Every structure is written in C-alpha cells, then in structure tokens.
Amino acid sequence: MKFRKENGSYLVVLDKGDEVIASLTGLVQQEKLEGGFIRGIGGVSNVTLGFFDLEKKEYSKKQFPGFYELASLVGDISLVDEKPFCHLHAVISDPQMNTFAGHLFFAEISITGEIAITPFNKTQRLFNKDLGLNLIRL
Amino acid sequence: MKFRKENGSYLVVLDKGDEVIASLTGLVQQEKLEGGFIRGIGGVSNVTLGFFDLEKKEYSKKQFPGFYELASLVGDISLVDEKPFCHLHAVISDPQMNTFAGHLFFAEISITGEIAITPFNKTQRLFNKDLGLNLIRL
Amino acid sequence: MKFRKENGSYLVVLDKGDEVIASLTGLVQQEKLEGGFIRGIGGVSNVTLGFFDLEKKEYSKKQFPGFYELASLVGDISLVDEKPFCHLHAVISDPQMNTFAGHLFFAEISITGEIAITPFNKTQRLFNKDLGLNLIRL
C-alpha cells in the first residue's frame with residue numbers, strides 16, 4: 001500500500017497481495033483519521049461478502065474464491081470504542097461480467113486497488129441492541 | 001435522519017424506517033441545497049427500481065420486497081421548476097449476494113443509510129421533449 | 001458534453017451520442033488535468049466491459065448491445081506517458097434490473113451522463129511487467 005495526501009484527501013494505491021480491509025484500517029490508524037468517506041475500484045481475489053440477517057442479528061457470509069473486478073467500493077470510516085472501523089460495501093464481477101455485492105469482509109488485491117479517501121471529523125459508531133450491530137451516532 | 005455539516009459537505013445517517021428519496025429530498029429542501037453529488041451505502045427493504053424505456057418514454061418499475069444490502073447509492077441534486085430533485089441510482093444485493101440495480105424510486109431503510117453529500121452550485125433540470133424526461137442543463 | 005467548474009471540482013453532463021471514455025478523456029486533456037477521481041450515473045447503450053485475465057495478461061471483453069442504466073461509474077484520472085487516461089469501472093443494469101459490471105471500454109450515452117470529477121495532483125501510471133498492465137505509481 002502506498003498513499004499520497006493532498007488538499008486534505010488521500011489517494012491510496014493497494015498492491016497485489018494487500019488485503020483491502022486490513023490495509024485501509026491500518027492507514028486510518030496510522031493517519032489518525034476519525035471519520036471519512038471511501039470510494040474506489042480495483043482487481044481482487046478471495047473475496048468474502050456479507051448480508052446482514054435482521055432476524056439472526058448477524059451477517060451471513062459467502063466466499064468468492066478466484067479473481068474478480070472490484071467494480072465499486074463505497075464506504076466510510078468511523079470509530080468503534082475509539083478504534084478505527086472501515087465500513088465498506090463492494091460490487092464485484094466475474095469473467096462473464098456477472099456481479100455480486102454486499103458488505104465487504106475480506107478481499108485480497110490481485111491487480112491493484114485505486115481508492116480515494118475524504119476525511120470527516122470524528123464519527124462514532126455505537127452498538128444498537130435492537131438491530132444487533134454498530135451504527136453511526138451523530 | 002440525522003446529519004452533520006462540515007467543511008461544506010454533509011454526512012447523513014438515515015434511520016430504520018426512513019425512506020431514502022423522501023429523506024434526502026427533505027434534507028436538500030431544509031438546507032436549501034441547489035445542487036450536489038450524493039454517494040452512500042446501507043441496508044434497505046421494499047425497494048422500487050426503474051429502467052427508463054426510451055421508446056415508451058417512461059420508466060418501467062420493479063419492486064423488490066424483502067431486505068437488501070444497499071451496495072452502492074450514487075447520484076446528484078438538482079432543481080426541477082425550483083423544487084429539489086434527487087436523482088439516484090442504486091445497486092442492491094440479496095442474501096445470496098446476487099445484485100439488482102437501476103434508477104431508485106423508493107427504498108425503506110431497514111438497518112441504516114450512511115451517505116455523503118457534496119453541495120454544488122445551482123443546477124437546473126429541464127424537460128427534454130425528445131427523450132421524455134428532465135435533464136441537467138448546464 | 002458540457003461541464004461546469006466550481007470550487008476546483010467539475011460537474012460534467014454527457015449528451016445522447018457521446019461516448020463516455022472518449023468524452024471524459026477529451027475533457028481531461030482540454031482542462032489539463034493530471035489526476036483525479038470520477039463518479040457518476042446515467043443511461044447508456046452499446047457497452048463494452050472488460051475483465052482482466054491475469055494468466056493471459058489481457059482483458060477479455062464482452063459487448064452489451066441495447067440500452068442499460070449506468071448504475072455506477074467509478075474511477076480515476078492519471079497520465080500514461082504524459083497522456084491522459086481515465087480508468088473507469090461500471091455497473092450497468094437491464095430492463096429486468098439485472099446487473100453486469102467490469103472495466104469500462106466503451107459506452108454510448110443513450111439518455112444522459114451525470115458525472116463529478118475531483119482533480120488530484122499529477123498521478124502517473126507505469127507499465128508493470130509482472131501483471132501486464134499500467135498501474136498508478138505513487
């Protein structure tokens with residue numbers, strides 16, 4: 001992972017082998033970001049996507065081994081118990097251009113990740129008992 | 001819906017039960033925004049997506065009852081006859097991570113909506129007779 | 001294509017018949033942009049999407065004749081050998097709201113393209129022999 005800061009924003013390039021969530025969370029920690037918005041594209045492999053089951057109050061997960069275009073990566077940065085958290089949703093596509101999407105749990109960069117981050121002020125995420133997950137509290 | 005304004009941008013959090021289009025249009029009206037760009041993610045239900053039929057010059061619509069991840073929400077803010085209009089396209093995904101996408105007409109928040117708005121200057125949308133819908137006139 | 005520059009950003013409106021990649025690359029050249037981030041929506045036809053085959057080190061391409069909603073357009077601007085290059089990934093949807101996605105090679109505007117560009121500083125893309133394509137070098 002390499003990044004460049006300019007005019008308050010970040011251009012981030014993830015390299016082959018980098019894991020998307022871990023890399024971005026590491027950058028957030030290193031740069032002491034406390035909020036922000038993320039968007040990007042790339043090429044990924046070994047993707048794990050999630051769908052939040054409101055009855056079970058937990059994510060069901062599905063693994064996508066193999067290679068995918070990362071057609072869209074959108075999400076945000078917040079703090080959970082003062083620790084950085086990147087909430088990202090991804091749309092991926094296979095060699096037939098068929099698409100899959102969901103909450104991004106894991107994705108290894110297979111080619112590159114080209115990502116922009118716009119920092120926001122401190123944004124905290126607190127546990128919501130009714131829904132069973134952490135939500136941004138403004 | 002709650003929102004925070006900072007450095008000219010907005011971080012918007014939609015709550016369970018909020019309808020996406022109505023909530024964002026209400027915010028645009030309240031904040032007197034006359035243009036802007038929107039992007040976000042979330043969890044939604046009872047989604048109505050549209051596809052513009054160029055021959056009939058109208059949208060065909062399809063309803064998606066049940067719960068979906070809002071994998072991508074992208075669009076813009078403009079004025080039609082001085083009234084605020086949010087033009088949004090959405091990509092949603094089901095529990096098998098299969099995706100559907102189109103022009104967003106309606107979506108209830110089932111979990112949360114995490115949305116960023118960057119205001120632009122006054123942007124007007126005028127009716128285009130040839131195509132049969134309102135287009136941004138720069 | 002028409003565009004408006006404000007606060008350092010661009011609001012771009014593509015017209016019926018404009019080709020997305022050629023139009024945006026032309027704008028980048030005209031405005032002497034050397035980097036930046038792009039996102040947008042629209043309605044398109046005659047779309048060509050690509051999937052990078054890491055073994056063959058080349059894109060496999062698939063054509064999508066007919067009309068599609070451009071549900072998401074995300075990407076960036078860089079220079080390759082000092083020439084402007086727009087790297088864009090697209091998610092498109094058909095009348096049944098089924099989606100396809102990938103690296104965008106070609107798309108004619110059928111209705112409109114509503115696109116925002118945030119310029120970045122000079123961003124260069126260099127050939128990576130191992131992967132077989134040009135990657136951003138920070």
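# A tour of three matching chains

Pick out chains A and C to begin: just 16% of chain A's interface residues are interface residues in chain C as well, so the two copies meet through different surfaces. Bear in mind that what you have open is a predicted model.

**Stop 1: how the copies are related**

Keep chains A and C selected. A turn of 120° with a shift of 0.0 Å along the axis lays chain A on chain C, with an RMSD of 0.0 Å. Want to see where the axis passes? Select Thr99(A): its C-alpha is the nearest to the axis in chain A, 3.7 Å away.

Now swap chain C for chain B. Chain A superposes on chain B through a rotation of 120°, with 0.0 Å of shift along the axis and an RMSD of 0.0 Å. These two copies are thus related as by a three-fold rotation axis. Here too, Thr99(A) is the residue of chain A that comes closest to the axis, at 3.7 Å (C-alpha).

**Stop 2: where A touches B**

Stay with chains A and B. How many residues of chain A are in contact with chain B? There are 27, and they meet 25 residues of chain B. To find chain A's side of this contact, colour strands S3 (36–53), S4 (58–80), S5 (83–93), S6 (99–119) and S8 (133–137) of chain A, since each supplies at least two residues to it. S4(A) gives the most, with 6 residues. If you colour this side by class, you'll get 14 nonpolar, 10 polar and 3 charged residues. Only 15% of the interface residues of chain A are also interface residues in chain B, so once again the copies meet through different surfaces.

**Stop 3: into the core**

Next, select Ala90 in each chain. The largest nonpolar core has 132 residues, and Ala90(A), Ala90(B) and Ala90(C) touch the most other members. Zoom in on Ala90(A) and skip its neighbours within four places in sequence: among its contacts are Leu49(A), Leu70(A), Leu73(A) and Leu104(A). Ala101(A), Ala107(A) and Ser72(A) are also in contact with Ala90(A).

**Stop 4: strand S6 and its partners**

Select S6(A). Is this strand mostly covered or mostly open? It is mostly covered, with 18 of its 21 residues buried. Now bring up its partners:

- S2 (residues 9–15) of chain A pairs with S6(A) in the antiparallel sense over 6 bridges. Look for Leu11(A) opposite Ala116(A).
- S3(A) also pairs with S6(A) in the antiparallel sense, over 12 bridges. Here Val44(A) stands opposite Ile109(A).
- S5(A) runs antiparallel to S6(A), joined to it by 5 bridges. Val91(A) faces Ala101(A) across this pair.

Before moving on, follow the chain from S5(A) to S6(A). This hairpin has 5 residues between its strands, and Met97(A) takes a positive phi near 70°.

**Stop 5: a helix with two faces**

Jump over to chain B and select helix H1 (residues 20–30). Which of its residues are buried? They are Val20(B), Ser23(B), Leu24(B), Leu27(B) and Val28(B). Look down the axis of H1(B): these buried residues fall within an arc of 135°, so they line one face of the helix. The general rule is handy here: an α-helix has 3.6 residues a turn, so residues three or four places apart point the same way.

Turn to the face away from the buried side, and you'll find the exposed Gln29(B) and Gln30(B). Then show what covers the buried residues, including strands S1 (2–6), S2 (9–15) and S3 (36–53) of chain B. Finish just past the helix: H1(B) is followed by Lys32(B), which has a positive phi near 55°.

Notes:
Residues are numbered from 1 along each chain as its sequence is written. Chains are lettered from A and ligands numbered from 1 in the order in which they are written. This is a predicted model: local features need pLDDT of at least 70, side-chain atom pairs count only at pLDDT 80 or more; totals for chains, interfaces and linings use all residues. Two residues are in contact if their C-beta atoms, placed from the backbone, lie within 7 Å. Helices (H or I, at least four residues) and strands (E, at least two) are DSSP runs, numbered from the N terminus. Ala, Val, Leu, Ile, Met, Phe, Trp, Tyr, Cys and Pro count as nonpolar, Asp, Glu, Lys and Arg as charged, and the others, Gly among them, as polar. A nonpolar core is a set of buried Ala, Val, Leu, Ile, Met, Phe, Trp, Tyr and Cys residues joined through C-beta atoms within 7 Å. A residue is buried if 20 or more other C-beta atoms lie within 10 Å of its own, exposed if 12 or fewer, and partly exposed in between; C-beta atoms are placed from the backbone. Two strands pair if DSSP finds at least two bridges between them. The arc is that of the directions from the helix axis to the C-beta atoms. Copies are superposed by least squares on the C-alpha atoms of residues with pLDDT of at least 70 in both.
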